[in-house]
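Trainee: Could you take me through the reading of a protein model, one feature at a time, with the general idea before the particular case?

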Amino acid sequence: MNRDIEILKKCRGLRREIGILQRQIELDRISLYGAAIAYSDLPKAQGNPHSRDGRYAALCDKEDARLAKVNEYKECINEAERILSNVADSTERAVYRLCYIEGVPIWKISTQLYISERTIYRLKEKAESEERLR
C-alpha cells in the first residue's frame, strides 16, 4: 500500500474540522465577552469555577487544547500538499486531491474534471500499486 495515500486519507475532513474548532473558539470568546478579569490579569487556581476567574481559566485551557488540534491538523494538511506537489501531472494531482482528501465520489470527479471514470480508476490503481506518488 502506498504510504502517501494513507497520509492523504488521514487529512480527509480536516479542513471542516478546523472550521468547527475555530468557530467553537470564537463562541467561547463571545460567551465571555465583557467577563474580563477585573481584579487581576491572571486566572486564579482556586475559587468558584462559575466565577469570572474560573471561567476565564477554563476558557484558556479549552482554547489552548483546540488551538493545538488546529495546528496538528494544519501540519497534516501541509504534508498532504507537499505530497501532491510532487505529482507532475495536474490532472492526476486533482484526482488524488478530490478522491483521497476531499472524499468526492468517482462519478462526480469525472464530471468535474471531464475525464472518464475508467481513467480515474486506472490512476487510483497506479497510485496504490506504487510505493510513492509521483
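The conversation below turns to helix packing, then to enclosed space, and finally to a backbone angle.

Mentor: Keep in mind from the start that this is a predicted model.

Trainee: At what angle do the axes of helix α1 and helix α4 cross?

Mentor: The general idea is to compare the directions of the two helix axes, and an angle that is neither under 35 degrees, nor over 145, nor from 65 to 115 counts as oblique. Here the axes of α1 (residues 3–10) and α4 (residues 90–101) cross at roughly 60 degrees and come within 8 Å, and α1 is therefore oblique to α4. On the α1 side the contact is made by Ile5, Leu8 and Lys9, which meet Tyr96, Tyr100 and Ile101 of α4. Sorted by class, the residues of this contact are five nonpolar, one charged and no polar.

Trainee: How do α4 and α6 pack, and which residues meet?

Mentor: The axes of α4 and α6 lie 11 Å apart, at an angle of about 85 degrees, so α4 is roughly perpendicular to α6. From α4, the residues Glu92, Val95, Tyr96, Cys99 and Tyr100 meet Ile120, Leu123, Lys124, Lys126, Ala127 and Glu128 of α6. By class, this contact holds seven nonpolar and four charged residues, with no polar ones. Tyr96 and Tyr100 of α4 take part here, and they also appear in the contact with α1.

Trainee: How many cavities of 30 Å³ or more does a search of the whole structure find, and which residues line the largest cavity?

Mentor: Rolling a probe the size of a water molecule over the atoms shows where empty space is left. In this model the search finds one cavity of 30 Å³ or more, and the volume of the largest cavity is about 40 Å³. Its lining consists of Cys11, Arg15, Ile77, Ala80, Glu81 and Ile101, and helix α3 (residues 52–85) supplies the largest share, three residues. Four of the lining residues are nonpolar and two are charged, while none is polar. Ile101, one of the lining residues, also belongs to the α4 side of the contact with α1.

Trainee: Where does tyrosine 114 lie, and is tyrosine 114 buried or exposed?

Mentor: Tyrosine 114 sits in the loop between α5 (106–113) and α6 (117–129). The cut-off for exposed is over 50% relative accessible area, and tyrosine 114 counts as exposed because its relative accessibility is 75%. For its backbone, note that tyrosine 114 has a positive phi of about 60 degrees, although it is not a glycine.

Notes
Residues numbered from 1 in each chain as written. Predicted model: local features only at pLDDT ≥ 70, side-chain atom pairs only at ≥ 80, totals over all residues. Heavy atoms only, no water. Helix = DSSP H or I, 4+ residues; strand = E, 2+ residues; numbered from the N terminus. Buried < 20%, exposed > 50% of the residue type's maximum accessible area, 1.4 Å probe, protein only. 1 Å grid on protein atoms, 1.4 Å probe; cavity = no way out; pocket = protein on both sides within 12 Å on 5 of 7 lines; lining within 4 Å. Points joined across faces, edges and corners; volume = space filled by probe spheres on them. Nonpolar A, V, L, I, M, F, W, Y, C, P; charged D, E, K, R; others polar. Axes fitted to C-alpha atoms, helices over the stretch in contact; angles between N-to-C directions. Contact = heavy atoms within 4.5 Å.
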